[in-house]
Amino acid sequence: MKRTISLLVVLCLASAAFAKKGDWVTIKNGDLWYDTEGKVVQAHGAGFLQVGDTWYMIGEDRSRSWNPDVNMYSSKDLQTWKFEGKIIENGVTHSDLGRSRFIERPKLMYCKKTKQFVVWCHWEGSNYGASEAGVFYADKVTGPYHFKAGERPLGIKSRDCNVFVDDDGTAWFISTIEENQHLGFFRLADDYLSAVECTQLFKRQAREAPAIVKVDGVYYMLSSACTGWEPNQCKLSWTRNLTEGWSQLENIGDRIAYDTQAASILTIKGTKTTTYLYVGDRWMDPDLPRSKTIIFPISFKDGKCDFTYREQFEINFKTGEWREKKM
Ligand code: GAL
């Protein structure tokens, strides 16, 4: 009897240790990602949506460099990626796509009011002259996605973009407007399918690749300058009200944002803490199809951001904690 009990204790301890170890995932930067079928993950300028414990990632499929379709992948640990399909496809979702129009930076939201999944993206033509935004919607996260609009939101020329959904469900489309001069903060309608108002901010500061996160009631935005595929200095600004009071842009990280450009900021809310993950594109590494997606933990406090690159780190999606992992 005694032996059975001690055996049980040993087994319990062993499984607890295993479970503990199993909750930590190592994320390593610099390499291509492969999906569960062994194919290169193609989801650049990525947008994310968490549904339960699953992260859905959508992004540009740059395998042919130009005219990207939009791929969707799912993962519970940002490591194991299952290909869910092409949610927006050239010539299929819209006849102009792949011909006179192409997509960049697709971003995904869930609209609680309509129970629909909504994608906003940069909807562009040759030489970036069209300067439009594309809108798609679906009843299920994996699609099928239907075309809603491809136009200049409220008639305003719009390029690099992102979305932000506030705690009260108000959704925003933030984009580089009027020939890369300012940032437009477009408040979206209740169904997220159109823009109803635009506030022009960061006037003549030529910011792009905006990514916004809300931390303890404060909005923080990371953004880059407009240098095409070349990386440049990432800058931080913060405010307590999305449409006014943004602080002056401040340099963070190194001169070239560790060779990345912001795509998204993820909020990993766990039982113990919340970790924020920066997701950036390492474009043209060495060419467009082999551009890398880079992820590392960042933190925000009192209007500051600790934006320190980590070649690799460990994260626990249950507790929300992260820790260093030396090479
Ligand atoms: C970047 C932009 C990318 C893409 C690229 C094309 O500035 O962030 O999304 O448009 O230019 O050169």
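Reader: Let me start with a detail: which residue in β17 stands opposite Leu236?

Author: That residue is Glu250. Please keep in mind that we are looking at a predicted model.

Reader: What makes β16 and β17 a pair of strands?

Author: DSSP has to find at least two bridges between two strands for them to pair. Strand β17, residues 250-252, is joined to β16 by three bridges in the antiparallel sense, so the two qualify as paired.

Reader: And how do you know that β15 pairs with β16?

Author: The test is again at least two bridges. Strand β15 (residues 218-225) and strand β16 (residues 234-239) run antiparallel with five bridges joining them, and therefore they count as a pair. In β16, Lys235 is the residue opposite Ser223.

Reader: Why is Ser223 called buried or exposed, whichever it is?

Author: Ser223, which belongs to strand β15, has 2% relative accessibility. Buried means under 20%, so Ser223 counts as buried. Setting aside residues up to four places away in sequence, Ser223 touches Arg207, Glu208, Ala209, Pro210, Gln233, Cys234, Lys235 and Leu249.

Reader: Why does Lys28 get the label it has, buried, partly exposed or exposed?

Author: Lys28 is found in strand β1, residues 24-28, and its relative accessibility is 38%. Buried requires under 20% and exposed over 50%; 38% lies in between, so Lys28 is partly exposed. Not counting residues up to four places away in sequence, the residues Lys28 touches are Gln79, Glu311, Gln312 and Met327.

Reader: How far is the C-alpha atom of Lys28 from that of Asn67?

Author: The two C-alpha atoms are separated by 29 Å, with the residues 39 apart along the chain.

Reader: Let us turn to β3. What makes β3 mostly covered?

Author: Strand β3 spans residues 54-61, and eight of its eight residues are buried. Each of them is therefore under the 20% cut-off.

Reader: Which strands pair with β3, and how do you know?

Author: There are six bridges between strand β2 (residues 44-51) and β3, and seven between β3 and strand β4 (residues 69-75). Both pairings are antiparallel, and both meet the requirement of at least two bridges, so they count as pairs. Across from Phe48 you will find Met57 in β3, while Trp55 has Ser75 in β4 as its bridge partner.

Reader: What links β2 to β3?

Author: The two strands form a hairpin with two residues between them. Gly52, in the turn, has a positive phi of about 60°.

Reader: You mentioned Met57. What does Met57 contact away from its sequence neighbours?

Author: Leaving out neighbours within four places in sequence, Met57 is in contact with Trp33, Val41, Ala43, Ala46, Gly47, Phe48, Asn71, Met72, Tyr73 and Trp81. Met57 is also one of the residues with the most contacts inside the largest nonpolar core. The others named there are Leu78, Leu222, Phe296, Ile298, Phe300 and Phe307.

Reader: How many residues does that core have, and which strand gives the most to the core?

Author: The largest nonpolar core has 42 residues. Strand β20 (residues 292-301) gives the most, with five residues.

Reader: What makes the largest cavity a cavity and the largest pocket a pocket?

Author: In a cavity a 1.4 Å probe fits but cannot get out, whereas a pocket is an open set. The search finds three cavities of 30 Å³ or more. The largest cavity holds about 80 Å³ of space, and Trp33, Val41, His44, Ser291 and Thr293 are nearest its centre among 13 lining residues. The largest pocket holds about 1,100 Å³ and is lined by 36 residues, with Leu49, Phe164, Val165, Asp166 and Thr267 nearest the centre. Strand β18 gives the most to the lining of the largest pocket, six residues.

Reader: How do the linings of the two largest pockets divide by class?

Author: The largest pocket has 20 nonpolar, seven polar and nine charged residues in its lining. For the second largest pocket, of about 260 Å³, the lining has four nonpolar, five polar and seven charged residues. Nearest the centre of the second largest pocket are Glu104, Tyr128, Asp160, Glu208 and Gly228. Glu104, Asp160 and Glu208 count as charged because Asp and Glu belong to that class, while Gly228 counts as polar.

Technical notes: Residues are numbered from 1 along each chain as its sequence is written. This is a predicted model: local features need pLDDT of at least 70, side-chain atom pairs count only at pLDDT 80 or more; totals for chains, interfaces and linings use all residues. Side-chain values use heavy atoms; hydrogens and water are left out. Buried means under 20% relative accessible area, exposed over 50%, partly exposed in between (1.4 Å probe, protein chains only). Helices (H or I, at least four residues) and strands (E, at least two) are DSSP runs, numbered from the N terminus. On a 1 Å grid over the protein atoms alone, a cavity is a set of points where a 1.4 Å probe fits but cannot get out, and a pocket is an open set with protein on both sides within 12 Å along at least five of seven lines; lining residues have an atom within 4 Å of a point. Grid points are joined across faces, edges and corners, and a volume is the space filled by probe spheres set on the points. A nonpolar core is a set of buried Ala, Val, Leu, Ile, Met, Phe, Trp, Tyr and Cys residues joined through side-chain atoms within 4.5 Å. Contact means heavy atoms within 4.5 Å.
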